[in-house]
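Subject: Structure for you to look at

Hello,

Here is the structure I promised to pass on. Please open it next to this email and follow along.

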Amino acid sequence: MRWANLPGLAKNALRHRVGKCAICGKRSLFLVFETREARHFRERLHCVFCKSVSRNRHVAKEILSVFGRKENSIQEAKPFLKTLKIYSASSGDALHRTLGDGNPNFVASEYFPDVPIGATKNGVSCQNLESLTFESEAFDLVITEDVLEHVADFEKAFSEIHRVLKRGGYHVFTVPLLLDAPTLERATLENGIVKHLLPPEYHGDPIRGEILAFRTFGYDIFERLAKFGFEAKLSQTFYQDTLRYAIADSHVIVSRKR
Ligand SMILES: [Zn+2]
């Protein structure tokens, strides 16, 4: 924890929580240290041990649930999870650190603008979700957290994820989601040129600084997923999750390849 975080920690004194971490498995303290007004906790409540945020732990909980695990953390279920072929379209997060270490079955990727697609940089694969370099039916589980809103052609991305999943495999993912409106197309990419349909919205990215959101998905995402051959359901958080696991204000889509 950095000294610069102290004002935020003090401001949010009543928002910190204790509970069990669904990733590192520790009884932990979950901190809110951002000074911006906290409207939701989806990307907050940082575990002091593994640095996971609410959304990461919600994804972890759904992964354990879809594979019918009794363990309630990724760390505890590691012997089983290491037997699965897993692809996560992000790297360096708590899940990658917990499951990826020395695990040949776990592939983490980023989109590095300076690395050829399919090549690796520091052990992380460079991938474009619109044209993955993996073989078909290679994975039991694909994880994308807040990535698909940044992909210009999400239909290609869903069809690629469907292709690389084994039959019955799962795509567990998060996107900013409007539950009371259809998908809002914010921008398109035409011949390599971005055309803005709405005032541009950028999200922070650890590698590229900030990246454009091409859309905000809405409730029609489930219908679209069905067309690609997925059976999808929405998992929302309940107050019990907040109390036990410090998971709050989050939603995860669990999509199974039929
Ligand atoms: Zn943790």
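Which kind of contact do the side chains of Arg42 and Glu43 make? They meet in a salt bridge, with 3.5 Å from N to O. Keep in mind that this is a predicted model.

Now look at how the two partners sit. Arg42 is buried, because its relative accessibility is 6% and the cut-off for buried is under 20%. Glu43 is partly exposed, at 37% relative accessibility.

This pair also belongs to something wider, which I come to below.

**Between two strands**

Next, find Asp140 and Lys166. Their side chains form a salt bridge, at 3.2 Å from N to O. Asp140 is in strand E8, which covers residues 139-145. Lys166 is in strand E9, which covers residues 165-174. The two parts are 26 residues apart in sequence, so this pair ties them together. Asp140 counts as buried, with 16% relative accessibility. Lys166 has a relative accessible area of 30%, so Lys166 is partly exposed.

**Inside one helix**

Then go to helix H5, residues 154-164. How far apart, N to O, are the side chains of Glu160 and Arg163 in their salt bridge? The value is 2.8 Å. Glu160 and Arg163 are three residues apart in this helix, which means that about one helical turn separates them. Glu160 is buried, with a relative accessible area of 11%. Arg163 is partly exposed, at 24% relative accessibility.

**The network**

Back to Arg42 and Glu43. Salt bridges with shared partners link them with Arg55, Glu145 and Asp146 in one network. Try selecting these five residues together: Arg42, Glu43, Arg55, Glu145 and Asp146.

How many salt bridges are there by this rule? The count comes to 16. The pairs above are among them.

**Cysteines**

How many disulfides does a search of the whole structure find? The result is zero. Two cysteines are still worth a look. Cys21 is buried, with a relative accessible area of 0%. Cys47 is buried too, at 1% relative accessibility. A disulfide would need a pair of cysteine sulfur atoms within 2.5 Å, and the search of the whole structure finds no such pair.

Start with Arg42 and Glu43, then work down the email.

Best wishes

How values were computed. Residues are numbered from 1 along each chain as its sequence is written. This is a predicted model: local features need pLDDT of at least 70, side-chain atom pairs count only at pLDDT 80 or more; totals for chains, interfaces and linings use all residues. Side-chain values use heavy atoms; hydrogens and water are left out. A salt bridge is a side-chain nitrogen of Lys or Arg within 4 Å of a carboxyl oxygen of Asp or Glu. Buried means under 20% relative accessible area, exposed over 50%, partly exposed in between (1.4 Å probe, protein chains only). Helices (H or I, at least four residues) and strands (E, at least two) are DSSP runs, numbered from the N terminus.
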